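Trainee: Pick one part of this model and walk me through it closely, please. I'd like the surroundings too, so I can place what I'm looking at.

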Amino acid sequence: MTQNSAATTPLDLPRFPKDFLWGVATSAYQIEGALTEDGRGQSIWDRFCQEPGRIARGDNAAVACDHYHRYREDVALIADLGVGAYRFSIGWTRIQPNGCGAPNPKGLDFYSRLVDELLARGIRPTPTLFHWDLPQALQDAGGWRNRDTAKRFTDFVQIVAGRLGDRVTRWITHNETFEHSILGHVVGTHAPGLRLWTDAFPVVHHLLLSHGMAVQVLRASLPRSTQIGIAQSMAPARPASERPQDRSAAGMLDLLHARQHCEPLLLGRYPDELAAFGISQSAIVDGDLATIAQPLDFLGINYYNPHYVQAAPPGSPVPLMPAEPPAQYERTELGWPIVPQGLTQMLLELRERYAETLPPLIITENGMALADAPDADGRVDDPRRVRYLQDHLLALRKAMEGGVDVRGYFVWSLLDNFEWADGYRPRFGLVHVDYPTQRRTPKTSYRWYRELIAAQQ
């Protein structure tokens, strides 16, 4: 089905397995607000937002969706959808304001109340332990370039698991190690705003190492039935043309994105080709790769679109650069091409590439940015998002019919929110948020998703 096809009703969609998990997702920094309340410390995103020119229109997350105070209202919206799980993240600086030391009781209490509220509504909590909000104090000590940060992360994980592990049965260690390393540490468009270029490998390695160490902590302290995974972004790398140099650029992007961030997890090694690009791997210590390659109960996949790439011009400090997607593809508010069949392709290729070691998959993010606004009657009609979700679910089902073991699907996002460096204009939510009043208005896509889930029962 093409992106321009008429929307179907949920009853027209292929049926998913009876135990298929339906969910919605958010992250702490993007929705919580209350950045200076109850002992919370400063994160790298707090500092980044204070630097002029970093965030579109000068936006910041000081209030965001005020979820810290309105979480019960938001959980009621989740419950009304009929989903089985809610993916959220735990703000490190709420638990340890400086990234180390004794925990902050008020921060732990907040997440404990959130977990209890979800469970009371029959919703399975699925926390992500790191979604890009590193404590600024740790960044001042070297951040993810510093191997000690991985140890500090495991201390944080131990604290959180000790408080919530009696009720939380599924955990995600990290969200998108590629995006955090490349946007925050290579090109500098995300916090902490560094431009390390090829010197960013220690960031990648320590993120992955901290994942493996966190898995070990969770396995040692939680019941055997607990499910543990990581959420990684995945996107087919497509060349801008058939020129050999553009095809080589696409292969390089696949190496630096998918392979560099998956093969240590699934194969216990980094791709050999990394050395050919002058990337020093001196950060690796004996035993690290075995730690990273801890068995996973699931691999989370975040998919939005393929990445189009071309060779950089001679003299450029980098070998490749983004390319314009083909004109036939519709775009989102962020300019991302809408290519549902890319999801099918990526999942089938993932299964083929890692056939022997690939765990079950969960789509942990998929969604569409629009510039949604209420109409004169206060309704928020978003048929383009409905079409986007519908077509991606059809693409997902096609991959499953091709033998890919996918166990669940989470829409990004429950709420319109602070979209990092792009601020508040792009809206991903199934629920519209009027930021001045904090009024929540379920969109057409919210009702569609609710009907879809109900139709699967």
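Mentor: Let's start from the outside: the accessible surface of the protein is about 17500 Å², and carbon and sulfur atoms own 51% of that. (Areas here are Shrake-Rupley values with a 1.4 Å probe, and for residues only the protein chains shown count as cover.) Keep in mind that this is a predicted model, where local features need pLDDT of at least 70 and side-chain atom pairs count only at pLDDT 80 or more, while totals for chains, interfaces and linings use all residues. Residues are numbered from 1 along each chain as its sequence is written, and side-chain values use heavy atoms, with hydrogens and water left out.

Now the overall build. There are 14 helices and 13 strands in the protein, taken as DSSP runs numbered from the N terminus (H or I over at least four residues for helices, E over at least two for strands). The radius of gyration is 21 Å, close to the 23 Å the globule rule gives for 457 residues, so the protein is as compact as a globular protein of that length. That radius is taken over C-alpha atoms, and the rule is 2.2 Å times the number of residues to the power 0.38. The C-alpha trace spans about 60 × 55 × 45 Å along its principal axes. Of the 457 residues, 60% count as buried, meaning under 20% relative accessible area, with exposed being over 50% and partly exposed in between (1.4 Å probe, protein chains only). Among contacts (heavy atoms within 4.5 Å) with a separation of 6 or more, 77% join residues 24 or more positions apart.

The part I'd zoom in on is helix α8, which runs over residues 177-185. Which way does α8 go, covered or open? Mostly covered: 7 of its 9 residues are buried, namely T177, F178, E179, H180, S181, G184 and H185. The cover over those buried residues includes helices α2 (44-50), α9 (201-221) and α10, plus strands β3 (124-130), β4 (170-175) and β5 (227-233).

For a look at one of those covering elements, take H261, which sits in α10 (residues 244-266). H261 has 3% relative accessibility and therefore counts as buried. Its side chain makes a polar contact with the side chain of T177 at 2.7 Å. (A polar contact is a pair of N or O atoms within 3.5 Å; within protein, one must be able to donate a hydrogen and the other to accept it, and residues adjacent in sequence count only if both atoms are side-chain atoms.) Setting aside residues up to four places away in sequence, H261 touches T177, F178, S181, V204, L208, Q232 and L256.

Back in α8, I182 has a relative accessibility of 25%, so I182 counts as partly exposed. Beyond its neighbours within four places in sequence, I182 is in contact with V187 and G188. The C-alpha atoms of I182 and W197 are 8.4 Å apart, with the two positions 15 residues apart along the chain.

One last stop is the loop between α8 and α9, where you'll find P192. The peptide bond from A191 to P192 is cis, with omega near 10 degrees.
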